[in-house]
Every structure is written in C-alpha cells, then in structure tokens.
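Subject: A structure for you to explore

Hi there,

Here is the structure I promised to pass on. Have a look around it first, and then read my notes below.

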Amino acid sequence: MDPAWALREIAFQLERAGEPTYRVRAFRNAATTVDKTDGEQLKRMAENGTLTSLPGIGKATAGVIEDALAGRDPAYRGKIVAKELPDGEPLRSALRGDCHTHSDWSDGGSSIGEMAVAGRDVGHEWMVLTDHSPRLTVANGLSPDRLRTQMQIVAKANELMAPFRLLQGIEVDILDDGSLDQEEELLGELDFVVASVHSKLRMPARDMTRRMLAAVRNPHVRVLGHCTGRLVVGKGRPESEFDAEKVFTACRENGVAVEINSRPERLDPPMRLLRLAAEIGCEFAIDSDAHAPGQLDWLGYGCERAIEAGIGPERIINTRTADDLLTR
C-alpha cells in the first residue's frame, strides 16, 4: 500500500465525517512529506523507528506509514468512526459533477490538484472550481490577477487529467447594490459563475430582493448560491429575508439554477423555499460547496432533499455532460 495514498485516504474519511480541520491537516501534511522523501530512505526510517524525525510526521502518521509499508491496512483507519451519510439514491448516481467547490487558493484546505483528483475519484466526470472573489478577504478571495493565474493552472490540470474536466469558475460575491464582485470582462471568460450573498445578510427584505434580482439578471450568472445564507448547526444563523417568489421567478426567466447546498450546516434553501422554487419551474444545482476533498462526498444530503421536494434529474443541471452544461 502506498503510504502517501493511505494518509490521504484517512484524511478524506476524516473530512467526510466532519472531523476537526487540524486533525485532517496532520495527515495531509504527512502525505506531502512522504511524497518528498526517497522511498528507500522512508523504508529505512520505518525499520529504525525514526519516521517522527521527518517534518510533519507524528506518532499517529508514522504508524500509518509503517503499516502501509508492511502491507497492512493501517490500524488508524479502524479508529475512524464511520459516519452514515445519506446516499440520495437513485439521484446521486445521476449526477455527473459538482458546480461549487473551493481550493486553498481561497478558503479551502487543499490544492487544486488534490481537489480535482478527489472529484474524479468520487466518480465525477467534471467539477467546477469556484474560489471566492476579492471582497471576501476573510476567505482570501481572488483578485483579477490571481484569478487569471488560476485559469492557467486549471488549463494545465485539464491537460493532465483528461477525460476528467475541471471547469474554471468563481463564487462571486453579490455586492450591496446587486453588482458582482469581479470584472465583468473576466467573468465572461469563465466557464461558470455561482453568485452568492456573504455580507449584510440581515438587510431589509425589500433591499435584499432588489439586490438578488440584479445579480440573477446578470448574464454571466449560472447558479444562485445558498440563497438564504442560513446556518442550522451550533448557534445557527437565521435566513435572509427576501421575496422568494420574485427571485425564483427571475431565476427561471434568466436560466439561473437555484443551488441546493449540501453542506450539513447549511442545507439551504429550507424545504418550504425549495418546494416553492420547484413549483415556479426553476432548475437546480445540487452542490457540495466542498472546502476539502472529503466534503465532495456530501452530495447525498442535497440529493435527499431534492427527492423529498419532488425534483427529478431532468431539472438538475449537474446531471448533464460538461459540454451540455456549457451550452447555455
């Protein structure tokens, strides 16, 4: 068993189970160290019990490396409490990709390459990289120059990973007046744009409605992300107030999909609004909003809610091929 793979597999399962970031990072950092260490040297250090002298290798990660090199299933894997996630079948099997993911270029925890490989390994044909836009400084949002550089990296990734496709997108902040937090010309060069509200979530309903309508009517926008901004775990966060009928009607009229956000702490929109959007005739995107590889496996949450709302695969845009998705 390849020790770097074993470490990353454990990190994936920890992320999938919602374990703390620091614990996940320990295994991913250890995998990076293993990648940089000569294989024969690694074997000698494992035999001599000196692996912990390597940077980022602690007792637990050293044990995983030793087990893997000895051909044993790492004992640490047995300590991970398997978390039963909703499978969302049969809808989950119909999804070809994920429209909303993040890397360490903004507030994600893993590189573009790691996210892309994980997306391919969970069965996606394509995946959209949607790091944040500049105004969201707390999330290290991408300036125009950084976004252009990222576009070059995504193009290179596609050369290496074909036929899997990594689509270049952005999760662009909807500003107070409904404009989008990125250069219009640059937005036009991207494959995909998810537009979301991240600030002033408690503004009056009339103003929020006007703000969201302006964003939905922007011709570059393909998905309205986590539309209420609610959080349903911990202290939680209440829903933003807006005229949902007007906003969802505008989504339908402008070919903008309503996101069914699969993050367990969001599950946005709430069921009453999801059913309303379905009645109005909207299309939907079931997205993980993953900030780490293991979170890409959270799509079952969104699929389960779509099924409960009576939404079939024909109305979900990530059941389409990449070519179909890009043909608006």
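**A loop residue to start with**

D87 sits in the loop between α4 and α5. Please keep in mind throughout that this is a predicted model. Setting aside neighbours within four places in sequence, D87 is in contact with R92 and G300. A polar atom of the D87 side chain also lies 3.0 Å from the backbone nitrogen of E89. If you want to get a feel for distances, compare D87 with M1: the two are 86 residues apart along the chain, and their C-alpha atoms are separated by 28 Å.

**The whole protein**

Now zoom out. The secondary structure comes to 13 helices and seven strands. Along its principal axes, the C-alpha trace spans about 70 × 40 × 40 Å. For 328 residues, a compact globule would have a radius of gyration near 20 Å, and the 21 Å of this protein agrees with that.

How much of the protein is buried? Of its 328 residues, 55% count as buried. The protein exposes about 14,300 Å², and carbon and sulfur atoms supply 49% of that area. Among contacts with a separation of 6 or more, 75% are between residues 24 or more positions apart.

**The nonpolar cores**

The largest nonpolar core has 62 residues, and those that touch the most other members are L166, L224, F248, F284, I286 and I311. Helix α11 gives the most to this core, with six residues. There is also a second, separate core of 23 residues, which includes I10, L51, L54 and A68.

I286 is a good one to click on. Beyond its neighbours within four places in sequence, I286 is in contact with ten residues you can look up one by one: L91, L95, I260, S262, L299, G302, C303, A306, I316 and N318.

**Two helices side by side**

Next, find helix α10, which covers residues 244–254. Its buried residues are A244, V247, F248, T249, A250 and C251. F248 is worth a second look, as it is also one of the residues with the most partners in the largest nonpolar core. What covers the buried residues of α10? The cover includes α9 (205–216), β5 (223–224), β6 (257–261) and α11 (271–280).

Both ends of α10 have something to show. At its start, a side-chain oxygen of D243 reaches to within 3.2 Å of the backbone nitrogen of E245. After the helix comes G255, with a positive phi near 70 degrees.

In α11, the residues M271, L273, L274, A277, A278 and I280 are buried. These pack against α10, β6, β7 and α12. A general point helps when you look at such lists: an α-helix has 3.6 residues a turn, so residues three or four places apart point the same way. Helix α11 is followed by G281, whose phi is positive, near 105 degrees.

**Two buried polar residues in loops**

R266 lies in the loop between β6 and α11. Is R266 buried or exposed? Its relative accessibility is 12%, and the cut-off for buried is under 20%, so R266 counts as buried. Leaving out neighbours within four places in sequence, R266 is in contact with H226, G229, R230, L231, V232, R237, N261 and D289.

S288 is in the loop between β7 (284–287) and α12 (299–308). With 0% relative accessibility, S288 counts as buried too. Its side chain is joined to that of D98 by a polar contact of 2.5 Å, and it reaches the backbone nitrogen of A290 at 3.1 Å. Again leaving out neighbours within four places, the contacts of S288 are D98, H100, T101, S262, R263, Q295, L296 and L299.

**An aromatic pair**

Last, how many aromatic pairs does a search of the whole structure find? The search finds one. F27 and Y76 form this tilted pair, at 4.8 Å centre to centre with 50 degrees between the planes. F27 lies in helix α2 (residues 21–36) and Y76 in the loop between α4 (59–69) and α5 (91–94), so the pair ties together parts that are 49 residues apart in sequence. Both F27 and Y76 are buried.

Enjoy exploring, and write back with any questions!

Best wishes

How values were computed: Residues numbered from 1 in each chain as written. Predicted model: local features only at pLDDT ≥ 70, side-chain atom pairs only at ≥ 80, totals over all residues. Heavy atoms only, no water. Buried < 20%, exposed > 50% of the residue type's maximum accessible area, 1.4 Å probe, protein only. Helix = DSSP H or I, 4+ residues; strand = E, 2+ residues; numbered from the N terminus. Contact = heavy atoms within 4.5 Å. Polar contact = N/O pair within 3.5 Å; in protein donor to acceptor, adjacent residues only side chain to side chain. Core = buried A, V, L, I, M, F, W, Y, C linked by side-chain atoms within 4.5 Å. Phe/Tyr/Trp six-rings, centres within 6.5 Å; stacked < 30°, edge-to-face > 60°. Rg over C-alpha atoms; globule rule 2.2 N^0.38 Å. Areas by Shrake-Rupley, 256 points an atom, 1.4 Å probe, with all protein chains shown as cover.
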